[in-house]
Amino acid sequence: MADESLTITDNRTQKTYTVPIEKGTVRAMDLRQIKTGPDDFGLMTYDPAFMNTASCKSAITYLDGDAGILRYRGYPIEQLAENCTFLEVAYLLLHGELPTETELEKWNSEIMYHSLIHENVKSFMGGFHYDAHPMGILMSTVAALATFYPESRNIHDPASRRLQTVRLVGKMPTLAAFAYRHRLGMPYIYPDPDLGYTRNYMNMLWKRTEPKYAANDVLARALEVLFILHADHEQNCSTSTMRAVGSSTADPYATAAAAIAALSGPLHGGANEEVLHMLHLIGEKQNIPAYIQSVKDGKHKLMGFGHRVYKNYDPRARIIKQVASEVFEVTGRNPKIDIALELEKIALSDEYFIKRKLYPNVDFYSGIIYEAMGFNPDQFTVLFGIPRTVGWLAQWQEMLQDPEQKIARPRQVYIGPDSRDFVPMWQRGKTQTVNA
Ligand code: CMC
């Protein structure tokens with residue numbers, strides 16, 4: 001068997017070191033022994049944006065970006081999307097195994113039992129301005145939940161962790177739906193646990209004056225599949241935030257609020273909203289070549305394209321494309337799909353995108369489906385956040401139970417001025433150039 005180690009020669013000292021290789025990685029701390037002398041701090045790695053740094057060991061999601069593979073707990077995403085309900089997948093992510101029939105029944109009722117929110121949370125949400133972005137409402141309200149459940153600080157108590165997990169997964173659709181109706185000035189619809197996770201969410205969103213709102217089967221299943229596809233995606237920006245904030249042993253609500261903040265950015269979950277704005281801006285197929293050219297000229301990015309890990313077609317985008325055609329059978333074709341398809345065709349045959357391995361990601365088609373279903377673009381990232389809460393919580397639990405994890409605290413390479421003496425105001429002159 002090959003020697004699983006790496007030998008390094010430090011050309012500054014001519015000393016040689018051997019460090020073990022485990023699962024294709026060397027430990028950054030093993031490099032600390034490489035010093036030029038006793039006063040040297042030791043060698044560090046420099047990796048802005050964590051392009052090549054594994055921050056944890058995880059047994060939750062497997063992703064092979066070159067092959068376009070995504071698996072939850074070993075199960076291919078395609079099989080889960082075809083055969084499971086969202087809560088079944090949530091159980092899998094959080095517990096490690098698919099539930100039995102009895103376990104799933106109990107899990108479903110447990111989650112739905114916790115879908116209700118305290119009346120004061122409702123009043124709290126009422127304080128937001130009518131045009132507040134739903135992600136802002138969601139983020140702040142999730143953070144505020146910590147004040148309703150102060151025992152959530154007991155993050156080392158497994159029973160408390162489980163209770164907060166069930167609460168958060170159960171309440172997310174309610175908070176999202178209330179944020180939506182608050183925006184429209186419509187009365188809130190309370191959760192109906194009998195409807196199940198996605199149908200209940202649709203009921204809370206869209207029920208009006210009819211005695212009983214009946215969600216369309218195809219649309220309810222489409223939402224279920226979209227939720228499954230978004231449930232986890234290993235160490236992305238929001239999940240890394242969840243782990244980093246959680247590592248300070250903050251309560252899970254504050255921690256999840258931080259993850260929601262990370263998700264809201266246009267380069268992450270906020271991209272689905274941006275895709276719709278982009279397609280709206282392009283307007284007609286004939287404008288696509290000029291738009292592609294402006295992307296190549298560096299004027300803006302092609303939103304919904306590219307991924308840090310996928311250098312091949314995002315398997316989620318493939319499934320979403322299929323879901324789109326099923327949804328359009330019911331809602332009628334969203335004309336933006338034709339612009340998106342043409343945009344994809346042109347981009348995938350263009351040298352700029354080929355060279356950089358830029359393919360459509362999960363956000364490229366999801367917004368078009370959401371819009372056809374009746375969601376406003378500013379709701380799209382919320383629709384990402386509801387299912388991703390499951391992934392965040394699974395990763396948070398894993399992090400807390402990992403004996404190798406400590407408070408996240410990266411190092412830096414200091415490039416500022418050397419020590420210098422204070423300059424009194426009267427000696428500083430009239431103008432100074434300052435980096436903001
Ligand atoms: N349009 C045009 N050029 C792009 C794009 C894009 N969407 N994405 C990457 N590039 C270029 C980039 O300019 C760079 O070119 P060069 O080598 O000439 O400087 C090259 O491709 C490599 O890109 P990068 O910025 O080093 O890649 P990254 O891994 O740092 O960024 C990304 C990944 C997802 C932030 C980026 O591809 C992007 O901004 N995409 C658009 C936003 C988007 O769709 N985000 C959703 C991501 S998937 C869902 C999620 O996780 O939230």
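Analyst: In this predicted model, a residue is called buried when its relative accessible area is under 20%, exposed when it is over 50%, and partly exposed in between.

User: Why is alanine 146 called buried?

Analyst: Alanine 146 has a relative accessible area of 15%, and since buried means under 20%, the residue falls in that class. It belongs to helix 5, residues 134-148, and its C-alpha atom is 10.0 Å from that of alanine 250, a residue 104 positions away in sequence.

User: What makes alanine 67 count as partly exposed?

Analyst: Its relative accessibility is 40%, which is neither under 20% nor over 50%, and therefore the class in between applies. Alanine 67 sits in the loop between strand 3 (61-64) and strand 4 (69-72), with its C-alpha atom 9.3 Å from that of aspartate 314, although the two residues are 247 apart along the chain.

User: Why is the pair of phenylalanine 178 and tyrosine 190 called edge-to-face?

Analyst: The ring centres are 6.1 Å apart and the planes stand at 65 degrees; rings pair if their centres lie within 6.5 Å, and planes over 60 degrees apart count as edge-to-face, so both conditions are met. This rule gives a count of 17 aromatic pairs.

User: Where in the chain do phenylalanine 178 and tyrosine 190 lie, and is phenylalanine 178 buried or exposed?

Analyst: Phenylalanine 178 is in helix 6 (residues 158-184), whereas tyrosine 190, twelve residues apart from it, is in the loop between helix 6 and helix 7 (197-206). Phenylalanine 178 is buried, because its relative accessibility is 1%, whereas tyrosine 190, at 34%, counts as partly exposed.

User: Why are tyrosine 370 and phenylalanine 375 also described as an edge-to-face pair?

Analyst: Here the centres are 5.8 Å apart and the planes are at 80 degrees, so the distance is within 6.5 Å and the angle is over 60 degrees, as the term requires. Both tyrosine 370 and phenylalanine 375 are buried.

User: How do you know that arginine 356 lies over the face of tyrosine 352?

Analyst: Arginine 356 is placed over that face at 3.8 Å from the ring centre, a value inside the 6 Å limit that applies to a charge over a ring. Tyrosine 352 is also part of an aromatic cluster with Phe305, Phe353, Phe364 and Tyr365.

User: What makes the approach of histidine 268 to the ligand a polar contact?

Analyst: A polar side-chain atom of histidine 268 is 2.5 Å from an oxygen atom of the ligand, and a polar contact is a pair of N or O atoms within 3.5 Å. By that limit, the backbone also takes part: a polar backbone atom of leucine 267 is 2.9 Å from a ligand nitrogen atom, and a backbone N or O atom of glycine 269 is 3.4 Å from a ligand oxygen atom. The protein covers 73% of the 930 Å² of accessible area that the ligand has on its own.

User: How many residues surround the ligand, and how do they divide into nonpolar, polar and charged?

Analyst: There are 20 residues around the ligand, and the closest are His268, Leu302, Gly304, Phe305 and Arg308. Ten residues of this shell are nonpolar, six are polar and four are charged.

User: What is notable about phi of alanine 49?

Analyst: Phi of alanine 49 is near 65 degrees, a positive value in a residue that is not glycine; alanine 49 is placed in the loop between strand 2 (15-20) and strand 3. Glutamate 234, likewise not a glycine, has a positive phi of about 40 degrees, and this residue lies in the loop between helix 8 (217-230) and helix 9 (237-246).

Terms used
Residues are numbered from 1 along each chain as its sequence is written. This is a predicted model: local features need pLDDT of at least 70, side-chain atom pairs count only at pLDDT 80 or more; totals for chains, interfaces and linings use all residues. Side-chain values use heavy atoms; hydrogens and water are left out. A residue is near a molecule or strand if one of its heavy atoms lies within 4 Å of it. A polar contact is a pair of N or O atoms within 3.5 Å; within protein, one must be able to donate a hydrogen and the other to accept it, and residues adjacent in sequence count only if both atoms are side-chain atoms. Accessible areas come from the Shrake-Rupley method with a 1.4 Å probe; for residues, only the protein chains shown count as cover. Ala, Val, Leu, Ile, Met, Phe, Trp, Tyr, Cys and Pro count as nonpolar, Asp, Glu, Lys and Arg as charged, and the others, Gly among them, as polar. Rings of Phe, Tyr and Trp (its six-membered ring) pair if their centres lie within 6.5 Å; planes under 30 degrees apart count as stacked, over 60 as edge-to-face and the rest as tilted. Helices (H or I, at least four residues) and strands (E, at least two) are DSSP runs, numbered from the N terminus. Buried means under 20% relative accessible area, exposed over 50%, partly exposed in between (1.4 Å probe, protein chains only). A charge sits over a ring if NZ of Lys or CZ of Arg is within 6 Å of the ring centre and within 35 degrees of the ring normal.
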